[in-house]
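Welcome to the tour. Please open the model in your viewer and keep a selection box ready.

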Amino acid sequence: MSTERTQEIVARTLASFLAELDDVIGTSVDDQGQLEARAAAVENLQKVVGRQLSEYSVKLNRRRNALLPIYRLPVELLIDIFLRVIDLIDWDMEQNRNIASVCKAWYDIIIQSPQFWHRINVSHDIDTIKRIMRRNADGPFSIQFDKDSIGEAKHEEVLTLLAPHSHRWQSIMFQGRLTDPIFKLISSPAPELTEIFIYQWSGEPQRKFELPEGKLIRRMDVGLVSLPWSSSRLSTLRSIQIRNLNKDLPTLSELTTILSSSPELTWLRLSEWTETEPPQDGIAPKSPIRLPKLETLVLQSIQPRYVNHLLSHVYTNSCTCLQIDDAPSKHLQTFDAPLVHLMASSAGTATSLHLDLDETKLKLTISSTPEAHVLDKWIYWANRKPGIEVTVQLKHLTEMRVLAEAIAGMELAKGKGDDVERSISLTIAGRGSDPPTETAGEATADPEAQNPFPCEALGYLPLIKEIRCSNHFNATPLLRYLGRPQTNFDDTVKWPCPKLSKLEVNTWESSTDTMFEELKAFGEARVGASRAGDPPTATSEDNVADASGPDAETGDVEGSGATGASPAGGATTVASTESSSGSGSSSDDTVSGEAAPSANESSEPADENTSVSTSVRPEETSGHDDAPSKTAPGPAAEVVVDEVQQLEDAFKKAREEEERRNRPAKMERLGVPSEVVERLKELDLLKDIVSDM
């Protein structure tokens, strides 16, 4: 029937109906009761007509929808589409309701398909749980016990209801206290189980969860709960988290078997393992463990034998998130070592690396930006951030040479168009410039363990941009190494650490004069040459020995640039901007320090080819690039001398200031009257005010 014919019939029928209705209503009636009856009849007619029209509309819509392409799809395909829309991990019935409310056909699919009634949460009331089980009468389902649930009584009530259906359990997620009744119910035979998430509260006795014959486990996350590690069901796993075990640890052979049979593994986390009775490991397998899809590897606070075994045998090039505690340095001694590959693949997501060396504990921490981070949650919710965080246990500091060479082989992330600045920073916590005193009766320490930091290791790290040295680190060899140009294999002469822009050192000698002389020599050599634009001069071996002393280290590096110094009594920085070649390039530098708050301005004759700022006050060096300089530029040699003189004046002023601060206390100890002491304080204050003016 055409649209015009349909509209004609509707219009004629409606016109006839309205005419008859108008005749009835329009009849003159004066009786109140009849008028009310007619009004009620019209209202009832409105409801009947509206309901009838609504039914007609529904029928027409269904017939129209049946012609749409999506309604021609098989029901099985529609179910698959809906399952992709629903969040199966954080499922709730509201998601079902949203789909079912679209149309009658979709409603029927949701109600009649057990796939959409697959998860039972202990937070549901008992009636809801029973309704879910009715709509999923025969299919597999998952049970979830949230840590925010209401007490153990509710756990027992729900488990008592679900235990008879354990043959249909597909996944179990429990977090809480495993009482004897709860553990008995949760240990019911579950041959369809493919996911185990059981985490018991700390302080409770560890339990052992049995695995009778059944389907292979795909995901395993247990804490304070052990499993039969030799079970044939623990293979082809895709994610593994084993946390907080104090007994029944897997042997090396069992762990190797689990990992070797799981090539699809993407997540491996082993943490917080202690043991009262070490397992009888026997002979550990020596075959490599190849995990081509492993993306996350976390080894924290587990026994050294597990760390050694895994770092010696696990091979993957897919790891992007790496967290390891106390990795022995021997695993970084060769370029083909598994740990080197793990670190290289994880460093591919980082734009910079941070090296933190503790000379006393002989530990090197390697971390990245962005920082590696894995939340301590279930695998499904343990969001991770790619990166690297590895702590390496050294035998002696000389191993830093090999470690630096291994780190240099890591290729950091490149941004779009290679516009991301990649860099390395180094922090050193020193043990002091003086050798440790020997205690009577103690065995002599390993002489190699007392070796100083090998400065030539820095030659393998051309991306180093910042070096920070804490108190008690002997900075003398470092300053001498950085302040001495090196000759490369191609006979070019360049500065060590060419990108170095910041060097921080702290008090390391008891003699202020000794520290100052080292800083002065460094400033004259590297900072002065950088300001003057002079190319570095090669240093002969004889001169190197005279200049650096018995503790200095030497090495060949590429690059140029300058940084670094520190006065006694506090952290101080001498920083200079980078130069690309180390020869013939000049730059504007800033010399700053807590002990050197000001310096004299240079008034040397101008040199049309060199412009050097020697002011140390930030307010005097800020402004536009074309602003006139307050300091007249001078010849290169005179500028270097002037800079050294400024540093010397600053140290002298700092010493005078310290003597002035200590003078009142000294006078009081000598018995000088307090009135005289207070008067001297007022005079010193007045002197400062006049000086500032």
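Buried means under 20% relative accessible area, exposed means over 50%, and partly exposed lies in between (1.4 Å probe, protein chains only). This is a predicted model, in which local features need pLDDT of at least 70 and side-chain atom pairs count only at pLDDT 80 or more, while totals for chains, interfaces and linings use all residues. Residues are numbered from 1 along each chain as its sequence is written, and side-chain values use heavy atoms, leaving out hydrogens and water.

**Stop 1: the whole chain**

Start by selecting everything. The secondary structure of the protein chain comes to 18 helices and 25 strands. Helices (H or I, at least four residues) and strands (E, at least two) are DSSP runs, numbered from the N terminus. Of the 693 residues in the protein chain, 42% are buried. Turn on a surface: about 36800 Å² of the protein chain is accessible, and carbon and sulfur atoms hold 52% of that. Such areas come from the Shrake-Rupley method with a 1.4 Å probe, and for residues only the protein chains shown count as cover. Among contacts (heavy atoms within 4.5 Å) with a separation of 6 or more in the protein chain, 67% link residues 24 or more positions apart.

**Stop 2: a nonpolar patch**

Which residues form a nonpolar patch on the surface? Select Leu14, Phe17, Leu18, Val49, Leu53 and Tyr56, which together have about 550 Å² of accessible area. Helix 1 (3-26) and helix 2 (32-65) are the elements that give two or more residues to this nonpolar patch. Patches are made of residues with over 30% relative accessible area and no salt bridge; like charges are joined within 9 Å, and nonpolar side chains (Val, Leu, Ile, Met, Phe, Trp, Tyr) within 5 Å. A salt bridge is a side-chain nitrogen of Lys or Arg within 4 Å of a carboxyl oxygen of Asp or Glu. Here is a general point to keep in mind while looking along a helix: an α-helix has 3.6 residues a turn, so residues three or four places apart point the same way. Now centre on valine 49, in helix 2. Valine 49 counts as partly exposed because its relative accessibility is 34%.

**Stop 3: glutamine 95**

Move on to helix 4 (residues 93-100), where glutamine 95 sits. Is glutamine 95 buried or exposed? Glutamine 95 has 17% relative accessibility, so the residue counts as buried. Show Ile86, Asp87 and Asp90 too: glutamine 95 is in contact with them, leaving aside neighbours within four places in sequence.

**Stop 4: two serines in loops**

Serine 188 is in the loop between helix 8 (180-186) and strand 4 (195-200). With 14% relative accessibility, serine 188 counts as buried. Draw a distance from the side chain of serine 188 to the backbone oxygen of leucine 185, and you should get 2.6 Å. Serine 188 also touches Ala163, Ser166 and Trp169, not counting residues up to four places away in sequence.

Next, jump to serine 262, in the loop between helix 9 (252-260) and strand 9 (267-273). At 0% relative accessibility, this serine 262 is buried. The side chain of serine 262 reaches the backbone oxygen of isoleucine 258 at 2.8 Å. Beyond its neighbours within four places in sequence, serine 262 is in contact with Ser235, Thr236, Leu237 and Leu291. Leucine 234 is 28 residues from serine 262 in sequence, with 8.7 Å between their C-alpha atoms.

**Stop 5: strand 11 and its partners**

Select strand 11 (residues 296-300), where 5 of 5 residues are buried. Thr296, Val298 and Gln300 are on one side, with Leu297 and Leu299 on the other. Strand 9 and strand 11 run parallel, joined by 5 bridges. Strand 13 (residues 321-328) also pairs with strand 11 in the parallel sense, over 4 bridges. Two strands pair if DSSP finds at least two bridges between them. Which residue stands opposite leucine 297? That is leucine 268, while in strand 13 the bridge partner of leucine 297 is leucine 322.

**Stop 6: helix 11 and the loop after it**

In helix 11, 8 of the 10 residues are buried, including Pro338, Leu342 and Ala347. The buried residues of helix 11 pack against several elements, among them strand 11, strand 13 and helix 10 (304-313). Finish at alanine 350, in the loop between helix 11 (338-347) and strand 14 (352-358). Alanine 350 is buried, with a relative accessible area of 0%. Serine 423 is 73 residues away from alanine 350 in sequence and 9.8 Å away in space, C-alpha to C-alpha.

Methods:
A polar contact is a pair of N or O atoms within 3.5 Å; within protein, one must be able to donate a hydrogen and the other to accept it, and residues adjacent in sequence count only if both atoms are side-chain atoms.
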